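Here are some comments for a colleague who is starting to read this model. Please keep the structure open beside the text and find each residue as it is named.

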Amino acid sequence: MLSILIASYNRNVVQLIEELNCQLINSKIDFEIICFDDASNSKENVANQKINNLPFCSFQSLQKNIGRSAIRNLLASKAKYKWLLFLDADVLPTSSTFISNYLQEIKKTKYAVFLGGIKYRDIDNKNLLRWRFGKKSEEISIDVRIKNPYKYFFTANFLIDKTTFESVKFNEDLLEYGYEDLLFSKELYSKNVKIKQTKNEVFHLGIDENLAFLSKTKKAIINLHILLQKGLLKEEDTNLTKVYFKYKSFGLLRFLNLFSDVLEKLALKKSSVFYYNLFRLVYLHQVIKNR
């Protein structure tokens with residue numbers, strides 16, 4: 001009935017899969033858990049081999065890195081059940097009823113896609129930019145998510161009918177980091193596939209240090225520009241591009257560009273979402289200008 005699909009990279013996923021396996025056994029349904037590591041060659045994969053000893057669970061490390069979209073499509077192609085639950089490798093269910101909550105949703109509605117949502121644990125050290133950004137931009141209440149189900153689509157935790165997934169799939173032209181969730185959501189919207197936002201969150205545990213987060217942000221913005229150039233995304237599809245194209249003609253971005261290094265340093269030092277967002281605007285300006 002249910003295939004849980006987890007794409008991993010340099011991550012120990014034993015705790016996550018043990019928790020899921022326990023909940024699935026208690027639910028008394030047919031299931032499988034498939035986890036692929038995207039050729040990270042990580043020492044974590046030694047520990048991950050333990051997964052192959054769990055009932056109806058498998059772990060495999062790919063020989064070649066194929067990217068975030070292709071690995072999810074590959075996982076889906078290996079799945080044998082009607083429903084596919086995609087989870088990121090760095091999450092953990094917030095509830096012991098996580099699986100049963102999704103099973104109840106399947107029974108009581110005719111939707112083909114369910115979004116459970118994301119939460120962040122409180123941490124002692126809140127001077128982490130990624131944590132602050134996630135709390136503000138990803139930990140969205142169910143009331144807000146319901147009002148705009150396509151906007152708040154996060155691939156970290158979603159359930160989808162396999163037939164529906166095969167009609168959409170992740171865009172494998174997207175080789176670099178960033179915005180694969182937005183493209184997938186837009187494809188669902190274009191095919192008039194309804195999304196039901198539900199209150200069934202996972203904790204996002206993989207909190208990057210500030211420097212690593214800034215590095216990923218730069219890659220994502222470069223990728224965003226490529227997607228704009230290819231026509232796969234439009235100016236109004238992200239808050240970042242909407243603000244950028246609204247204000248670029250006023251000279252404000254050229255002025256802010258003079259302080260690019262300062263904004264980046266302030267975002268890093270103060271773990272400030274405000275300075276981080278200003279830096280993102282400036283970096284997008286630089287990417288568009290230079291390319």
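1. The buried residues of helix α13 are covered by several other helices, including α5 (129–137), α9 (210–230), α10 (239–247), α11 (252–257) and α12 (260–270). Please keep in mind throughout that this is a predicted model. The residues of α13 that are buried are V273, Y276, L278, F279, R280, L281, V282, Y283, L284, H285 and V287, and it is worth noticing that R280 and H285 stand in this list beside residues such as L281 and V282.

2. As for its dimensions, α13 runs over residues 273–290, which makes 18 residues, and from its first C-alpha to its last it reaches 25 Å, close to the 26 Å expected at 1.5 Å a residue. At the start of this helix, the backbone nitrogen of F274 has a side-chain oxygen of S272 within 3.3 Å.

3. Which residues have the most contacts inside the largest nonpolar core? They are I4 and I6, in a core of 38 residues. At least two residues of this core come from each of β1 (2–8), α1 (14–27), β2 (31–37), β3 (57–61), β4 (83–88), β5 (91–93) and α4 (98–108), so that both strands and helices contribute to it. Apart from this core lies another, of 29 residues, and Y179, L233, L240 and Y276 are among them; Y276 has already appeared above as one of the buried residues of α13.

4. To see how I6 is surrounded, one can list what this residue touches when residues up to four places away in sequence are not counted: L16, I17, L20, I33, I34, C35, F36, L75, L87, D88 and A89.

5. The structure holds 22 aromatic pairs, and one of them is formed by W83 and F114, whose rings are tilted, with 5.9 Å centre to centre and 50 degrees between the planes. Because W83 lies in strand β4 and F114 in strand β6 (residues 113–115), the pair ties together parts that are 31 residues apart in sequence. Both residues count as buried, W83 at 6% relative accessibility and F114 at 0%.

6. Rings also join into a cluster, in which ring pairs link F86, F153, F158, F165, F170 and F184. Over the face of F170, a member of this cluster, lies R72, at 5.3 Å from the ring centre. R121 is placed over the face of F203, where the distance from the ring centre is 4.9 Å.

Key
Residues are numbered from 1 along each chain as its sequence is written. This is a predicted model: local features need pLDDT of at least 70, side-chain atom pairs count only at pLDDT 80 or more; totals for chains, interfaces and linings use all residues. Side-chain values use heavy atoms; hydrogens and water are left out. A nonpolar core is a set of buried Ala, Val, Leu, Ile, Met, Phe, Trp, Tyr and Cys residues joined through side-chain atoms within 4.5 Å. Buried means under 20% relative accessible area, exposed over 50%, partly exposed in between (1.4 Å probe, protein chains only). Helices (H or I, at least four residues) and strands (E, at least two) are DSSP runs, numbered from the N terminus. Contact means heavy atoms within 4.5 Å. The expected span of a helix is 1.5 Å times one less than its number of residues. A polar contact is a pair of N or O atoms within 3.5 Å; within protein, one must be able to donate a hydrogen and the other to accept it, and residues adjacent in sequence count only if both atoms are side-chain atoms. Rings of Phe, Tyr and Trp (its six-membered ring) pair if their centres lie within 6.5 Å; planes under 30 degrees apart count as stacked, over 60 as edge-to-face and the rest as tilted. A charge sits over a ring if NZ of Lys or CZ of Arg is within 6 Å of the ring centre and within 35 degrees of the ring normal.
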